[in-house]
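The following exercises concern a protein model and are each followed by a worked solution. Please consult the sequence and the coordinates while working through them.

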Amino acid sequence: MMRWVDHLLVLPVVLPLVAGAVLLLIDDQHRLLKTAISVGSVVALTGVALALLDLVNAPSTEAGSSVVWVYRLGDWPPPFAIVLVADRLSALMLVLTSVLALASTVFSVARWDRAGVHFRAMFQFLLMGLNGAFLTGDLFNLFVWFELLLAASYGLALHGSGARRVRTGLHYIAVNLATSLLFLIGVSLIYGVTGTLNMADLAIRIPLVSTESRGLLEAGAAVLGIAFLVKAGMWPLSFWLPTTYSAAAPPVAAMFSIMSKLGLYVVLRLWLLLFGADSGASAHFGGEWLGFAGMATIVFGAIGVLASQDIARLAGFSVLISSGTVMAAIATGQLGVTGPALYYLVSSTLAIGALFLLIELLERGREPGADVLAVTREAYGEDDDDDDSIQIGEIGVAIPAAMAILGLCFIGCTLVLAGLPPLSGFIAKFAVLTAMFGPPRPGMNTGVPALAWVLLVLLIFSGLTTLIAMTRAGMRTLWTREEHTVPRVRVIEITPIVILLLATATLTVQAEPVMRYMQATASALHTPQSYIQCVLTAPSGRIAPKKGGS
Amino acid sequence: MELILSLAIGALSGCGVWLLLRPRTFQVIIGLLLLSYAVNLFILCVGRLRVGMPPFLEKGQIGDPTQFADPLPQSLVLTAIVISFATTALFLVVLLASRGLSGTDHVDGTERES
């Protein structure tokens, strides 16, 4: 008889499915009931994700291995079974998703979930797709979860309607449909060469691929990588991203910030698992291209951040900067850099989610097009004519409490995104740079590659441009003398933003245990033997945590 | 057999890509449809082309892999067809909404001033 904890691994997928189905059946009249179900589901998901994190963080008995939980759907024997695998990275991403989903759901209770139909149900299905994609250990199953979450995201991107949203939604759907086709091509090429779709089984078979078929395999992997990197916002294929994210409804945009990290998660997992150091002739396949793409994305994002005329687009370009940084850091292939890159991923995702929610509150007090007007005025050098008449009343003017809190949250987002102390953005960037330039550990190649210098320059450059653009936007929106109406901000709307920023502050204060977890995750990723062994030798019937040896 | 299938996949992909890059939304949808046909054929032929082989085993027989067709790519194609069918339907609805809200079927939402 299986204990309840054995089924913990499938709860992140089943729970939002049931909640979404129930929400579809209940009429929209019973608003309180629907809100209770959706918020309750997300709270339960957060609990399950934290429980999983606790389980995989247990110290394993043998040195050099990690705890991996495996759940075989349908109880088929491996490697034919479709498996759900929880290791450190999956649990981390589940927790991140749940925290953002909680903030987004609570924010949407105020008014955004009534702007269109079926918001809550589609949100639950989005969570189901995200959790499934983070947990799965099978390539085609990954495709299915991707399509599920994309379908929900199409509906959510259109939520609230309007000509602009429908136009950007059209582009978003077209780009993602084409990308899914690329995904299919890549998966089928890999299947054609190796004969399996199970990720752990692939890791075993790839070193054994013959030289004639190796070209096909690498082509398939490259096409597959492109499909994920489009979602992550890699440079030449990222033009859809800032437009779509800035047009989407705020709670939806906050969830989009983790969807772009989903592509990076898959690249990280598959690249280190399939093309790691001991995968024969294809070791580190495509690492340089990933690095170049990441750096180009950082440059594009940094320039876009300076050029954007409204804050929502600025936030969209910040997503690109954050994606590019993680991409370039992963591509160095160094064990010491991957851990800080994960820390950076968590901290920047939380900050961008908070920023997207905050933007909506800021924009309430301003008329549409106010930002464009302000930029034009600056560009044409118009000075304020009424300098003399206002100066006397400026000293001692009380700032309304709403503006004060919004301003503080905006400063918090700026600090994290620009990478300034004392919040977690600084620790993340500092840790990444230190790991790249620090003393070489035994077993790593000595010397600093030239790409590391370029990445250093780009990280600091992107931080500088983010700082300039955010302070300029903040001055325009919050801290000028112009007449603007104080936006009406409800407690239920400001609380999620404050909580997300407090989470980044907690990441700073608790940096040591968090960084230790990230480094353990990175070493588990770079030496995937325990993952492979746990998946391929998972026992039937009762699922026990296998502590695999390396 | 391989030649015919390759030509078919190539022709469908080429037409699909060309249509995908056109400025009218209906052409984009047809382009995506053609591309999905091409990709589905591609997935099918990844399971090695064999003429006249069923994907089933005779009862009680231990199968020789060369005597039957690979069933896994067939199931992959089925999944892909179902998913692309649903998303194409959704895309059509968004196309209609965009046509209604912007008054034009240009992908940019406005006609080009030329």
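**Exercise 1.** At what angle do the axes of helix H10 (residues 250–274) of chain A and H12(A) cross, and within what distance do they come?

*Solution.* The model is a predicted one. Step one concerns geometry: the axes of H10(A) and H12(A) cross at roughly 5° and come within 10 Å. Step two classifies the angle. Since angles under 35 degrees count as roughly parallel, H10(A) is therefore roughly parallel to H12(A). Step three identifies the residues involved. H10(A) contributes A:Ser260, A:Lys261, A:Leu264, A:Leu268 and A:Trp271. On the side of H12(A), the contact is made by A:Val319, A:Ser322, A:Ser323, A:Val326, A:Met327, A:Ile330 and A:Ala331. Step four sorts the residues of this contact by class: eight are nonpolar, three polar and one charged.

**Exercise 2.** Determine how H12(A) is oriented relative to H13(A), and describe their contact.

*Solution.* Helix H12 (residues 311–331) and helix H13 (residues 335–363) of chain A have axes 10 Å apart and pack at an angle of about 175°. Angles over 145 degrees count as roughly antiparallel, so H12(A) is roughly antiparallel to H13(A). The residues of H12(A) in this contact include A:Ile311, A:Ala315, A:Val319 and A:Val326. Among those that H13(A) supplies are A:Tyr344, A:Leu345, A:Phe356 and A:Glu363. By class, the contact divides into 16 nonpolar residues, five polar and one charged. A:Val319 also takes part in the contact of H12(A) with H10(A).

**Exercise 3.** Characterise the interface of chain A and chain B, beginning with its extent.

*Solution.* First, the extent: 25 residues of chain A contact 29 residues of chain B. The buried area is about 2300 Å², and carbon and sulfur atoms give 85% of this. In chain A, the residues that lose the most area to chain B are A:Leu170, A:Leu181 and A:Tyr191, which together account for 26% of what that side buries.

Second, the polar interactions: the rule finds zero salt bridges across the interface, while three residue pairs are in polar contact.

Third, the elements: helix H5 (139–157) and helix H6 (163–194) of chain A each give two or more residues to the side that touches chain B. The largest share of that side, 16 residues, comes from H6(A). Its composition is 18 nonpolar, five polar and two charged residues.

**Exercise 4.** Locate the cis peptide bond of A:Pro422 and the positive phi of A:Asp75.

*Solution.* Most residues other than glycine have a negative phi, and most peptide bonds are trans. The cis peptide bond joins A:Pro421 and A:Pro422, with omega about 5°. A:Pro422 is situated in the loop between helix H16 (401–418) and helix H17 (424–437) of chain A. A:Asp75 has a phi near 60° and belongs to the loop between strand S1 (67–73) and strand S2 (82–86) of chain A.

Terms used
Residues are numbered from 1 along each chain as its sequence is written. Chains are lettered from A and ligands numbered from 1 in the order in which they are written. This is a predicted model: local features need pLDDT of at least 70, side-chain atom pairs count only at pLDDT 80 or more; totals for chains, interfaces and linings use all residues. Side-chain values use heavy atoms; hydrogens and water are left out. Contact means heavy atoms within 4.5 Å. Buried area is the accessible area (1.4 Å probe) that two parts lose on being put together, summed over both. A salt bridge is a side-chain nitrogen of Lys or Arg within 4 Å of a carboxyl oxygen of Asp or Glu. A polar contact is a pair of N or O atoms within 3.5 Å; within protein, one must be able to donate a hydrogen and the other to accept it, and residues adjacent in sequence count only if both atoms are side-chain atoms. Helices (H or I, at least four residues) and strands (E, at least two) are DSSP runs, numbered from the N terminus. Ala, Val, Leu, Ile, Met, Phe, Trp, Tyr, Cys and Pro count as nonpolar, Asp, Glu, Lys and Arg as charged, and the others, Gly among them, as polar. Axes are lines fitted to C-alpha atoms, for helices over the stretch in contact, and angles run from 0 to 180 degrees between N-to-C directions. Angles under 35 degrees count as roughly parallel, over 145 as roughly antiparallel, 65 to 115 as roughly perpendicular and the rest as oblique.
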